[in-house]
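Please read the points below alongside the sequence and the coordinates. They are offered as a colleague's notes.

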Amino acid sequence: FKRFANVFEQTYTRFLDLQKAEAQAKESQIEAALEKVRSRSLAMHKSEELNEVVSILFEKIKELKIPATAVGIAIYIEGSKDLNAFVCGENEAGLVITNYRLPWFDNKIPQDLNYALEKQLDFFVSHYTKEEKDSFYKYVIEHIPEFRQLPDDIKRRIFESPSYTISMVAVKHAVFNINDFEGKILAENEMDIIKRFARVFDQAYTRFLDLQKAEAQAREAQIEAALERVRSRTMAMQSSSELGTVAAELFAQMNQLVTN
């Protein structure tokens, strides 16, 4: 019996060593995934590139074997209960990315997203009945053009699913959410990983806001420059007959603003 006990002790030591090695390998995989999201976020040059950040989030979450039909980021729109949503899922053809404005309406799903954001919930899971889920998607497909353009197989999967679950993590101005149509529930360690991705996204969103601000400033400078050219041409008129040249300058400047 003692000899068997000694053998078991050796076995258990080996078991602990393997557990430790597996945990270290998993942590390395998670850190590599987070770094990929972080580096892509910092490499953004335009605000619309957030679509690519969301696609990487989705890919890395799938690589980590966290159950997710789609990954979404719903961003607070100042002065409104509407949300700017970026969502990435997939079908047989590959990744499907959509960006749309989600309006506030009488449905539990947008209400829960706003609740998580307002309360800055560290983690919030909400399960929806088929009726609640179908009601939401019928509304958005009817009212949001981007949803009408979704591939038919994705629409079919949405409405054939008997359930719908959203796991949400709120950061300062957005809700990071994992969408599941298969009735799976995240384990505690998977929830912790989602929180880590949310914190990385918070950094990405700060970058997103910086880019938006820079783009707005550049656009305003462009508009002011165009106005100044028209103003200068107007002030240079020597006779009323030159009004045609002012009109031509006005057209040229407005056309340039539209094409840029």
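The points that follow concern a predicted model and take up a helix pair, a surface patch and a single residue.

1. The helix pair consists of α4, which spans residues 130–143, and α6, which spans residues 152–160; their axes lie 9 Å apart and the two pack at an angle of about 150°. Because angles over 145 degrees count as roughly antiparallel, α4 is described as roughly antiparallel to α6.

2. As for the residues that make this contact, helix α4 contributes Lys130, Lys133, Asp134, Tyr137, Lys138 and Ile141, while helix α6 contributes Lys155, Ile158 and Phe159.

3. On the surface there is a nonpolar patch formed by Phe8, Tyr12, Phe15 and Leu16, and the accessible area of these residues together comes to about 410 Å². One of them, Leu16, belongs to helix α1, which covers residues 2–42. The relative accessibility of Leu16 is 36%, and Leu16 therefore counts as partly exposed, since that class lies between the limits of 20% for buried and 50% for exposed.

4. Is Val246 buried or exposed? Val246, which sits in helix α8 (residues 243–259), has a relative accessible area of 9% and is therefore buried, the cut-off for that class being under 20%.

5. With neighbours within four places in sequence left aside, the residues in contact with Val246 are Arg233, Thr234 and Met237. Gln29, by comparison, stands 217 residues away from Val246 along the chain, and the C-alpha atoms of these two residues are separated by 63 Å.

Conventions. Residues are numbered from 1 along each chain as its sequence is written. This is a predicted model: local features need pLDDT of at least 70, side-chain atom pairs count only at pLDDT 80 or more; totals for chains, interfaces and linings use all residues. Side-chain values use heavy atoms; hydrogens and water are left out. Helices (H or I, at least four residues) and strands (E, at least two) are DSSP runs, numbered from the N terminus. Buried means under 20% relative accessible area, exposed over 50%, partly exposed in between (1.4 Å probe, protein chains only). Contact means heavy atoms within 4.5 Å. Patches are made of residues with over 30% relative accessible area and no salt bridge: like charges are joined within 9 Å, nonpolar side chains (Val, Leu, Ile, Met, Phe, Trp, Tyr) within 5 Å. Accessible areas come from the Shrake-Rupley method with a 1.4 Å probe; for residues, only the protein chains shown count as cover. A salt bridge is a side-chain nitrogen of Lys or Arg within 4 Å of a carboxyl oxygen of Asp or Glu. Axes are lines fitted to C-alpha atoms, for helices over the stretch in contact, and angles run from 0 to 180 degrees between N-to-C directions. Angles under 35 degrees count as roughly parallel, over 145 as roughly antiparallel, 65 to 115 as roughly perpendicular and the rest as oblique.
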